[in-house]
Amino acid sequence: MRNVTVENVTDVVVEAIGASQDIPDRQKDIMTALVKHLHGFCKDVNLTHAEFMQACDFLARAGAVCSDKRQEFILLGDILGVEVLCDMLSNPTPNGETTGTVLGPFFRENAPVLPHGASIVQKSFDTEETVFMEGYVKDAQGNPVKQAVIDIWEDAPNGLYENHDPEQPDYNLRGRFETDENGYYACRAIRPVPYPIPSDWTAGEMISYMGHHTMRPGHIHVMIAKDGYRTLISQLYDSSSDYLDNDSVFAVKENLIGEFQKTGADHGTDLYVKFDFVLAEQSLAMAAE
Ligand code: BEZ
Ligand code: FE
């Protein structure tokens, strides 16, 4: 094609996909849709060349700040609601399974393995409220899922995750627990507080370009893994938290909201929350792929 025009450019590029070498159907579908949507976007907003160059610079700066401690692209995807959308598309819950939600950029592998009911708090803060959290991990038929591994992580009362706060001990407020024969788990944690997502770089630029805010409601992250089941990546929200109705990353689901009750004394904590999780069978994960 020697004469590309505004009218034909999308068809010309789409025809080039897979034209010089065979590519898998999925790859072809993804590239075709990407080109169509990107071109549609440029036409919708009549994107100027200067704006295109600004976007390239933005992406280069986002990439340059990424490291094993920081993933700016996850943040950008979260601010645009893309991570939560992909999660919903990949993890349907037709049988009452617990809804997943975003992983976010603060997960760390290899958290300390802790016994039932142990505390993930290594450093105390004046304002903290301790909480005893317990419940059952089950399958969709209500059977216990035993020996499931539950990763739990949360921010400190200063709104920071330990890996972004030099004042906190390594792996503070992170732990890995295992369910028992009845699918029961228990841990001691603290009431999670709302916090702003990192906004010192390109994510902050995008959120202010959108005219949105940076805050997330208080939540405790969970990741539950067990062979034969789809790994559940989710969050437990505090029903009394601010920002449940206007989360900066759109990750709140009604059925992930728990009551942090003031009846923790039995467990030596300020608060108590019970929350059960229902895992999907692995076959459901395959069906969605
Ligand atoms: C989080 O919950 O840790 C999180 C999720 C998305 C963006 C930033 C933080
Ligand atoms: Fe978080």
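Me: Hi! Why is the arrangement of donor atoms around the iron ion (ligand 2) irregular?

Reply: Hello! This is a predicted model, to start with. The iron ion (ligand 2) has six donor atoms, and the angles they subtend run from 54 to 165°. Six donors count as octahedral if opposite donors are over 155 degrees apart and all others between 65 and 115. An angle of 54° does not fit that, so the arrangement is irregular.

Me: Which residues coordinate the iron ion (ligand 2)?

Reply: Two tyrosines and two histidines do: Tyr-161 and Tyr-195 each through OH, and His-219 and His-221 each through NE2. The distances are 1.9 to 2.2 Å.

Me: And how are those donor residues spaced in sequence?

Reply: The pattern is Y-x33-Y-x23-H-x1-H.

Me: Nice. Are His-219 and His-221 buried or exposed?

Reply: Both His-219 and His-221 are buried.

Me: Let's move to ligand 1. Which residues come nearest to it?

Reply: There are 14 residues around ligand 1, and the nearest are Asp-78, Tyr-195, Arg-216, His-219 and His-221. Tyr-195, His-219 and His-221 also coordinate the iron ion (ligand 2).

Me: What polar side-chain atoms lie by the oxygen atoms of ligand 1?

Reply: Tyr-195 has one at 2.6 Å from an oxygen atom of ligand 1. For Arg-216, an N or O atom of the side chain is 2.6 Å from a ligand 1 oxygen. Tyr-161 also has a polar side-chain atom 3.4 Å from an oxygen of ligand 1.

Me: How much of the accessible area of ligand 1 does the protein cover?

Reply: On its own, ligand 1 has 260 Å² of accessible area, and the protein covers 100% of that.

Me: What kinds of residues make up the shell around ligand 1?

Reply: The shell has eight nonpolar residues, four polar ones and two charged ones. Helix H4 (72-79) contributes at least two residues to that shell, and strand E7 (219-225) likewise contributes at least two.

Me: OK, zooming out. How many helices and strands are in the protein chain?

Reply: Seven helices and eleven strands. The C-alpha trace spans about 75 × 40 × 30 Å along its principal axes. The chain has 289 residues, and 42% of them are buried.

Me: I'm curious about Thr-269. Where is it found?

Reply: Thr-269 is in the loop between strand E9 (257-258) and strand E10 (271-274).

Me: Why does Thr-269 count as buried?

Reply: Its relative accessibility is 9%, and buried means under 20%. The Thr-269 side chain also has a polar atom that lies 3.4 Å from the backbone nitrogen of Phe-132.

Me: What about Gly-264, is that buried or exposed?

Reply: Gly-264 is buried, with a relative accessible area of 0%. Gly-264 lies in the loop between E9 and E10, where Thr-269 is found too. From Gly-264 to Glu-7 the C-alpha distance is 66 Å, with their positions 257 residues apart in sequence counted as the separation.

Me: Switching again: which angle of Asn-110 has a positive value?

Reply: That would be phi, which is near 60° in Asn-110, a residue other than glycine. Asn-110 sits in the loop between H5 and strand E1 (130-139). With a relative accessible area of 55%, Asn-110 is exposed.

Me: And what is phi for Gln-147?

Reply: Gln-147 has a phi of about 55°, positive although Gln-147 is not a glycine. You'll find Gln-147 in the loop between E1 and strand E2 (149-153). Gln-147 is partly exposed, at 35% relative accessible area.

Me: You mentioned H5. Where does Asp-87 fit in?

Reply: Asp-87 is in helix H5, which covers residues 82-90. Asp-87 counts as buried, with 11% relative accessibility. Its C-alpha atom is 19 Å from that of Arg-108, which is 21 residues away along the chain.

Me: Last one: where is Asn-255 found?

Reply: Asn-255 is in the loop between strand E8 (232-238) and E9. Its relative accessible area is 48%, so Asn-255 is partly exposed. Asn-255 and Phe-125 are 130 residues apart in sequence, with their C-alpha atoms 30 Å apart.

Key: Residues are numbered from 1 along each chain as its sequence is written. Chains are lettered from A and ligands numbered from 1 in the order in which they are written. This is a predicted model: local features need pLDDT of at least 70, side-chain atom pairs count only at pLDDT 80 or more; totals for chains, interfaces and linings use all residues. Side-chain values use heavy atoms; hydrogens and water are left out. Donors are N, O and S atoms within 2.8 Å of the metal (3.2 Å for Na, K and Ca); water is not among the atoms, so sites may look incomplete. Four donors count as tetrahedral if all angles lie between 85 and 135 degrees; four count as square planar and six as octahedral if opposite donors are over 155 degrees apart and all others between 65 and 115; anything else is irregular. Buried means under 20% relative accessible area, exposed over 50%, partly exposed in between (1.4 Å probe, protein chains only). A residue is near a molecule or strand if one of its heavy atoms lies within 4 Å of it. A polar contact is a pair of N or O atoms within 3.5 Å; within protein, one must be able to donate a hydrogen and the other to accept it, and residues adjacent in sequence count only if both atoms are side-chain atoms. Accessible areas come from the Shrake-Rupley method with a 1.4 Å probe; for residues, only the protein chains shown count as cover. Helices (H or I, at least four residues) and strands (E, at least two) are DSSP runs, numbered from the N terminus. Ala, Val, Leu, Ile, Met, Phe, Trp, Tyr, Cys and Pro count as nonpolar, Asp, Glu, Lys and Arg as charged, and the others, Gly among them, as polar.
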